[in-house]
Amino acid sequence: MEFLLGVPKPFHFHVISNIFMGEKSNFPEVWGLGLGLFLALYAGFLNHITPKEPALDNHSGFESTLLGLEMAETPKQVQDLIGIPDTIDFFNLSSEYRRVHYFDFGFIFCYLAFLTYTGHYAGRKVRPIFLKIFMGMVLLLVIAGFADLIENILILNVLDAKTAEEMAPSLEYLKPTSQLKWFCLFGYAAIVSVYFWLYEKGWILRTASVLFFTGFFLQLFSIYKTNLLELSFPFFAVGLVCSWFHYGFSLAFSSLSKKT
């Protein structure tokens, strides 16, 4: 048969090869679009199942109970968040936090994939320079992901503890591990922001650059004033949305319109 639905077979092969192998394929942008959407839905799901109110009180000026748990340093701070062991509040809240952190193991790989995509795609115009330091940027992400895994394990240990003495060994390392994770993630975003500012045009990525850099400095000073970490998240999140919109949504549809 020479034709399939009125179109020559060679045409079908040509179109398929362009989609999957050809230089005109817009796969990177479509991949970024889908990955960003999935990441947003995953983050929304985690936020939905995270307890919004502490059992008694949060600490350090945090509004987020999840950040309060990540940055806890003493058994009292933990117990103010999840309640006293062998109480109904403790049973319910510890179960909810445990479920959140089980799902968070999958979320780690999702955000690492999206940040790697954004960083690699950002440097495409300055490939010789970019490749020299991209491995260092990847190292930051690897450290962040590993720290996040350890953080989850430490939190699960804290949730399983029945006494203050059982909590103490995990709490000794919990806050430093969380700070290391956020420093690496915000540091990676700060490096990407330099590429955006120096090599990209347009207000979307320029805005993302300013947001990433602002978030990085807020996170940096959170070492001295802990709740600044919470203030840094809106800058980081909106910067990611701007990056996703440009590399995923905007370029995906503009390239499709030019190639069809």
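**Helix packing and buried positions in the predicted model**

Helix α4, which spans residues 75–82, packs against helix α7, residues 164–199, at an angle of about 105°, and the two axes are 9 Å apart. Because angles of 65 to 115 degrees count as roughly perpendicular, α4 is roughly perpendicular to α7. On the α4 side, the contact is formed by Pro 75, Val 78 and Gln 79; α7 contributes Ala 164, Met 167 and Leu 171. By residue type, the contact of α4 with α7 comprises five nonpolar residues, one polar residue and no charged residue. The structure described here is a predicted model.

The surroundings of α4 were also examined. Six of the eight residues of α4 are buried, so the helix is largely enclosed by the rest of the structure. These buried residues are Gln 77, Val 78, Gln 79, Asp 80, Leu 81 and Ile 82. Val 78 and Gln 79 therefore appear both among the buried residues of α4 and in the contact with α7. After α4 comes Gly 83, which has a positive phi, near 95°.

At the level of the whole chain, the model contains nine helices and two strands. In sequence order the elements follow the pattern β-β-α-α-α-α-α-α-α-α-α. The chain has 260 residues, of which 47% count as buried. Among contacts in the chain with a separation of 6 or more, 74% are accounted for by residues 24 or more positions apart. The exposed area of the chain is about 14200 Å², and carbon and sulfur atoms supply 72% of it.

The UniProt record, an unreviewed entry, places the feature "transmembrane region" at residues 30–49, 100–117, 129–150, 180–198, 203–223 and 235–256. Two of these spans are described here. Residues 100–117 are 100% helix and 0% strand in the model, with end C-alpha atoms 25 Å apart. Residues 180–198 are likewise 100% helix and 0% strand, and the end C-alpha atoms of this span are 27 Å apart.

Helix α7 also holds Thr 177. Thr 177 counts as buried because its relative accessibility is 14%, and the cut-off for buried is under 20%. Apart from neighbours within four places in sequence, Thr 177 is in contact with Ala 147, Ile 150, Glu 151 and Leu 154.

Two consecutive positions of helix α9 were considered next. Leu 228 is found in α9, which covers residues 228–259. With a relative accessibility of 17%, Leu 228 counts as buried. Leu 218 lies ten residues from Leu 228 along the chain, and the C-alpha atoms of the two are separated by 5.8 Å. When neighbours within four places in sequence are left aside, the contacts of Leu 228 are with Leu 218, Phe 221 and Ser 222.

Leu 229 also lies in helix α9. At 1% relative accessibility, Leu 229 counts as buried. The C-alpha atoms of Leu 229 and Leu 218 are 6.5 Å apart, while the two residues are eleven apart in sequence. Beyond neighbours within four places in sequence, Leu 229 is in contact with Leu 67, Met 71, Trp 182, Phe 186, Gln 219 and Ser 222. Ser 222 is thus in contact with Leu 228 and with Leu 229.

Definitions and conventions. Residues numbered from 1 in each chain as written. Predicted model: local features only at pLDDT ≥ 70, side-chain atom pairs only at ≥ 80, totals over all residues. Heavy atoms only, no water. Axes fitted to C-alpha atoms, helices over the stretch in contact; angles between N-to-C directions. Helix = DSSP H or I, 4+ residues; strand = E, 2+ residues; numbered from the N terminus. Parallel < 35°, antiparallel > 145°, perpendicular 65-115°, else oblique. Contact = heavy atoms within 4.5 Å. Nonpolar A, V, L, I, M, F, W, Y, C, P; charged D, E, K, R; others polar. Buried < 20%, exposed > 50% of the residue type's maximum accessible area, 1.4 Å probe, protein only. Areas by Shrake-Rupley, 256 points an atom, 1.4 Å probe, with all protein chains shown as cover. UniProt positions renumbered as here; feature names shortened; annotations may be inferred.
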